[in-house]
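Reader: Please take one part of this structure and go through it closely. I would like a connected account rather than a list.

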Amino acid sequence: MTTAAEKTVLVTGGNAGIGYFVAEQLAGAGASVVLGSRSDAKAEAAMGAIRSRVPGARLRRVRMDLADLASIKSSVDALELDSLDAVVCNAGALLDGPRRQTADGHELTFATNHLGHFVLVRWLLPLLAAAPAGRVVTTGSFVGKSAQLDLADPQSARDYEPKRAYARSKLAQMLFGFELDRRLRAGGSTVASVVNHPGGALDSLTPSRPPVHVRTAGQRARSLPAGLVLQGKEAGARPAVRAVLDPAVTGGQLIGPRMFGLRGRPRIEPVRGQLADTTLAAQVWAASVDLTGVEPV
Ligand SMILES: NC(=O)c1ccc[n+]([C@@H]2O[C@H](COP(=O)([O-])OP(=O)(O)OC[C@H]3O[C@@H](n4cnc5c(N)ncnc54)[C@H](OP(=O)(O)O)[C@@H]3O)[C@@H](O)[C@H]2O)c1
């Protein structure tokens, strides 16, 4: 097992929110971190904020738009890496308003959160396999655990509702993470797939990191009651960071906050209910292959 200082990690959506703190914490542990971001300016701002707290942080950025499936291979090529120790599939969209589609005709939430990472992992796997013990770390959500997938309509074309589409996309991501690990194990791969979720992580409970995130004194005061059950994004990043760095973590595990799955230090959670449904996971995998035209393993 390589030490943190020997690792190179890609964090999607590393320019903001939980992904920013995943990048900051990994850089603080000595890892070399690549921020995947659809905005060069936001990625630069995030790298500046990290460097102000972690002198000598080893950081790079790569432009990456997960909603543009055809562009993802170019983003992977632009990494110019021979190997990659881990990818944190963190970027996510929680939209409101009417249903929106990508240029490829996919529903935007499902495309960004699930299909984009499905395609990204396809192109990253050779790099991860070239590392001593590569890891795919997928960020799910507690709302995904109770979502109901409609595999006859994975793109919510018939009955779109933003929060339901989000919850379904997070369930699809988690099922993908577990199915990926089963397939990697079956093929004798050295790469492990781990699923994590951040609990409930609010901006108002998140410490400031100007210019990436600024919390006012008023927001901080108003968020105090919520802090009893939820947490900030700095804490929400810890399950993903543990999934990357903890040598005791193995493929197929689920990591989330220890207090009711909403806040607190990361712990290994049991994988149960529909998260353990291998038939459903295989159906999600097959639908994802159909929709993207690629198959990671
Ligand atoms: N916060 C919570 O309580 C919570 C709970 C459960 C799960 N999660 C999951 O945790 C992850 C991070 O959430 P968050 O709260 O940190 O969200 P956030 O603050 O809204 O940050 C989302 C990140 O994803 C990026 N992104 C969105 N669409 C993208 C695209 N098409 N291509 C590339 N990057 C894209 C955003 O980039 P831009 O800055 O360019 O928009 C941003 O960096 C998500 O997967 C979310 O589902 C969060």
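Author: What follows is a look at helix 4 and its surroundings, beginning with Asn113. The model is predicted: local features need pLDDT of at least 70 and side-chain atom pairs pLDDT 80 or more, while totals for chains, interfaces and linings use all residues. Residues are numbered from 1 along each chain as its sequence is written, and side-chain values use heavy atoms, with hydrogens and water left out.

Asn113 sits in helix 4 (residues 108–129); helices are DSSP runs of H or I with at least four residues, strands runs of E with at least two, numbered from the N terminus. Asn113 counts as buried because its relative accessibility is 0% (buried means under 20% relative accessible area, with a 1.4 Å probe and protein chains only). A polar atom of the Asn113 side chain lies 2.8 Å from the backbone nitrogen of Ala93. Leaving aside residues up to four places away in sequence, Asn113 touches residues including Tyr166, Lys170 and Gln173 (contact means heavy atoms within 4.5 Å).

Helix 4 also meets helix 10 (residues 278–292): their axes come within 10 Å and cross at roughly 90° (axes are lines fitted to C-alpha atoms, for helices over the stretch in contact, and angles run from 0 to 180 degrees between N-to-C directions). The two helices, helix 4 and helix 10, are therefore roughly perpendicular, a term for angles of 65 to 115 degrees. Among the residues that meet are Phe110 and Phe118 in helix 4, and Trp285 and Leu291 in helix 10.

Helix 4 further lies across strand 1 (8–12), strand 4 and strand 5, at about 170° to strand 4.

Conventions: Buried < 20%, exposed > 50% of the residue type's maximum accessible area, 1.4 Å probe, protein only. Polar contact = N/O pair within 3.5 Å; in protein donor to acceptor, adjacent residues only side chain to side chain. Parallel < 35°, antiparallel > 145°, perpendicular 65-115°, else oblique.
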